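Hi everyone, thanks for coming. I'd like to walk you through one corner of a structure and then step back for a wider look. Here it is on the screen.

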Amino acid sequence: MNPFHYTRASDVADAVRQIAADPSARFIAGGTNLIDLMKEDVERPSRLIDISRLPLKSVEETAVGGLRIGALVPNSDLAYHPLVAERYPMLASAILAGASAQLRNMASTGGNLLQRTRCYYFYDVATPCNKRAPGSGCSAIDGLNRMHAILGTSEACIATHPSDMCVALAALDATVHVAGPAAARAIAFTDFHRLPEDAPQRDTNLQPDEIVTAIELPPRGFAANYTYLKIRDRLSYAFALVSVAAALELEGGTIKDARLALGGVAHKPWRDPMAEAALRGQPAGEVAFSRAADLMLGDAKGFAHNAFKIDLARRAVLRALAQAAAGTPQSQSDKQIR
Amino acid sequence: MTNYIGTATSRVDGRAKVTGAAKYAGEYNTAGLAHASVVTSTIAKGRIARIDANAALSIAGVIDVLTHQNRPRMASVDDAYTDDTAPEGSPFRPLYDDRIRFSGQPVALVLAEEPEVARFAASLVRVEYDEEAHVTDIHRQRDATFALEPGADPFGPPKPRGATEPALAAAEVRHRGEYFVPIEHHNPMEPYATTVIFEHDGKLNVYDKTQGVQNVQRYLCRVLEMAPDKVRVMSPFVGGAFGSGLRPQYQVVLATLAALALKRSVRLVLTRQQMYVLGYRPAMIQEVDLGAKSGGILDVIAHEAVTVTSQYEDFHRQETAWSGLLYDCANAKYRHKLARLDLSTPCDMRAPSAATAVYALECAMDELAVALKLDPLDLRLKCHSDRDQNADRPYSSKNLRDCYRQGAQSFGWDKRNPEPRSMRDGAELIGWGTASGVWEALQVPIAVRIVLTANGHAEVSCATSDIGTGTYTIMAQVVADMLGLPLDNVTIKLGDSTLPQSPVEGGSWIAASVSNGIVTTADAIRRELLRLAKQMPNSPLADAAPTEVALVDGRLVSVRDASRAVPLAETMRHSGVDRIGEEKSTNFEDDGSHAHNTHSAVFAEVKVDEQLGVIRVTRVISAVAAGRILNPKTARSQIIGGVVWGIGMALHEETLIDHKFGRIMNANIAEYHVPVNADVRNIEVIFVDEPDATINQLGIKGLGEIGIVGVAAAIANAIYHATGKRVRDLPISLDKLWR
Amino acid sequence: MVETDNAAGPGVRPLEKIPMSLTVNGVERRLNIAPWTSLLDLLRDHLDLTGTKKGCDHGQCGACSVLLDGRRIIACLTLAVMQDGASVTTIEGLATDGALHPLQQAFIDHDAFQCGYCTPGQICSAAGLIAEGRAKSADEIRELMSGNICRCGAYPNIVAAIQHAMGQP
């Protein structure tokens, strides 16, 4: 870890001022990802601006009946928040599928969005990686890529975004509120993370001098028919090979509305409007689910060690939609898949 | 009368461990401690062209940067580096020269006043290399291997028996399969660490993470050319090792080298990533060829293995020999080849050779049972062997049949539908699989000192280690029984090179060795007490022979007439001694007439989600025959631990190497998966009776390894039974079920 | 291979130490700490509280679990200076007046460890788990204790010990 200056932000405006003044500074809140990366010399900030004491820790109902979640609400507090558990159980489930109890107690909501990929090469400064050292090349494309992306990849990068929480937030049509030197702005969740294209060093569309202040959830939480299904190489405390956030609004046996997002398959939580559209108006069943999975994975491209993910994702989508339709969401502690 | 042997007893070091009082190698804080951080190579093979440490040296708080160019003197002959457990070859010498032999090799050591400074400065050391072509892929080297000659050395393949080729050609039913186990890493929870305390007189007290303090002490003295009385090595607590601490690891050399260079105390704690070059279970390609008569008589076994070694040492164990040992079979042939790779040398890892070889054999036996249309348990019973056919001798004891019987009964094996995919629970397919396990019951020369004081307290010392196996506790139990004392009156000292001689702790040999060693020394104490007792006026034991007295409840008692007894304290007081000390060696002379082994029968239940391939190991029963069990409580834990390792081996563990870089890419415990709590459900351990009157006085065999052997095979066989899919390369990740 | 450049650059002096206070096992400690010192290294190297273990230093094993203001966290991935004013309970602070915490006793009774290196983290994590009150069943205990790796494989005994301490059969 390199030496750095440590300062605390007194308020959001001060945080923005401080980061604007020092382009190589980083905000720190939970620290669970940034400190890890600093110990690996992947991140070498000149300054850490501690935002953990800013008053962004509340969960409040919005005027329209949604929820506004402060960027510093710890992941576990969010998962167990009564309003989240009641109205947005898919979000709660996704959070509880990730990391460990200790890490969830530390990690912040905003930090979860900004966590970086788990690509082996990104973490190992002895190897080329376009995300870490732009222009050095992607070692994963022809290397070890079991954990890597099958959708939205580029020749520069096939990394995945490792978050579980973000998959649910994408499915729920959340909005990210950010503050910066100019006016505060809101970013649709699906526009927050980027695809790698030719600039994989940029994970998100957040500007360097902006700070995430809150996540807003619209009123619809799909609390009746949802699931978060995570498939991984061991039964807990592992990153997803594939995960699925699935939510349905049913009328009788017909799908009135559907949300579907995949984790572990792309540089961002993967949503596909076509797949969701194909579900709407259809009877909730194998035929419609299969069509949605086909649409979602039609453009998927596998590499030497991860081609299985295409089939796995397809199967997981079918299963998740079946769980959602049946109202039998996956439990994160009972490892039998429902 | 105390009866601790055989009684479930809580760990005597338990309190120290649950309160945080137990100190491990990297936890000795002392004034003036310098902190070290290692710089490692980024290439797999070549030479160091240039090292620029100027940037590192310019950091405030950096004391020095040691490299092969400026380090203190080290020995220049291989013998100096050849420790007690070294394989044939030329052992690795850290910071010795400019040669790079594997990626992650230490190339510089930064010494600083604070650990954070050392680590930061290490990141500033610039190393340039002249790189050479490397190879790290066993599959690429498969044909460039060299064969070990059968019967040539104790770790080579045994000589063949019978006529394998004709037997294979004549077999009514034959199964031939290739099985693969990848490189696996021990990953003990405690990182490798050494704290060297530099004493005022120049002597070094070295706290090291090791399974053998005396092995390390002798090694350090040779490598750094120090007089034996200058170096003391200690490891009172070891945070797991599983074989990785059998050989002295490089951090102990570097820390000691640095202490000598700086003439001050030094600590070096390796990072988790750096530990991945300290040794590993070698990857193994195996071909098992079985021929049988249609009724289930095994006629022939041919077992061929290719295992990984480094370019500089020939590491191997008797991998293939287990096949010809486990079952009755007239014809057997073995072949073992080594593939040299540009990696560090492999090392022993829990049940080395047996964990991997028996996995292949036991999967092959399952496949043979399918081909024979026999219940896999029936096949094993039909093939049961009462003789070690490799060495052609009977076992001193072997109660594997009871393992099969009791394990099967407890598991409910008779309810198994033999048809694959025939049992299910909702969306999950249920599979039941079984496998046998075997390990050696070894014992090695050892010395034990006991000091008995007149207040009825005994201190027992031996240089062995307790790596979590429970050695402290079983030593206390045995001495308490032998001297007739309560457990609380016993103090155990171990993990110190100045204590009586002990070999490294490994191979499951310490429990048998040290407990019988205690018997020998306790016997000498008892004889001395009897001698003193006879001198007492009107001694009730005046005419008792040494074999006729026992120590019971603090008294020396005639075994023929319990009324004839003298209190121990009185005896010593009368003789004017306040302590009796004895140190005795026990050598375990073996006439070679019997084979000594432990055995197990493992039964596993898996549930596999039919659509997604997610595998859950829901139940494992391990029935073990391992002689007399000293402590059922810690013994059960040992076996449970072995089963958990077997689950990891079957489903999770795999070291991933990028062959382009020749570099391990998942050198951490987020991406190198070991089982977590959620992966482990019901594990039942059964110890079957296995009296053994000849192996040693107490009938002890040892348990460290047997728990893992066979587990991966039982799980793989259960997965086949559940899914109808036979996966022959580990780990069985869900994607392999669809290939 | 890529040359790594260092943003901070050579010649940089390790930075100024920052005054802070931390209540550790009920005792307030005033300290001057460099920003890059983790809470774990503060406990182990500066306060000689080595009961909290370093198993991976990257948040992957749980050996450094402690209670921070009553909540279980891992001490390797937080900076000490960030915890100015906080209260930490480590394994050394669980026993009271020499009497073991019920979890400590249960771990001994159920032989819930072998080498002992992950044990302080397991026990602190279990204390946090019980305080959270989210785990009712064995499945839930297993899942919510999965952030604490035990390479000796004592998991079944760990679950039994926690159930015992929770008053479950």
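Let's start in chain B, where strand 10 pairs with strand 13, residues 266-269, in the antiparallel sense, over four bridges. If you want one spot to click on, take B:Thr195, whose bridge partner in strand 13 of chain B is B:Arg267. Please keep in mind that this is a predicted model.

Strand 10 of chain B has another neighbour too: five bridges join it to strand 11, residues 204-208 of chain B, and these two also run antiparallel. Here you can look at B:Val196, which stands opposite B:Val206 in strand 11 of chain B. Strands 10 and 11 of chain B form a hairpin with five residues between the strands, and in that hairpin B:Gly202 has a positive phi near 85°.

So how many residues of strand 10 of chain B are buried? Six of the six, across residues 193-198. In a regular strand, side chains alternate between the two faces of the sheet. For strand 10 of chain B, both faces are covered: B:Ala193, B:Thr195 and B:Ile197 are buried on one side, and B:Thr194, B:Val196 and B:Phe198 are buried on the other.

Now over to chain C. It has five helices and five strands, and along the sequence they come in the order β-β-α-β-β-β-α-α-α-α. The C-alpha trace of chain C spans about 60 × 45 × 30 Å along its principal axes. Of the 169 residues in chain C, 62% are buried.

That's my tour, and I'm happy to take questions.

Technical notes. Residues numbered from 1 in each chain as written. Chains lettered and ligands numbered in written order. Predicted model: local features only at pLDDT ≥ 70, side-chain atom pairs only at ≥ 80, totals over all residues. Buried ≥ 20, exposed ≤ 12 C-beta atoms within 10 Å, placed from the backbone. Pairing = 2+ DSSP bridges.
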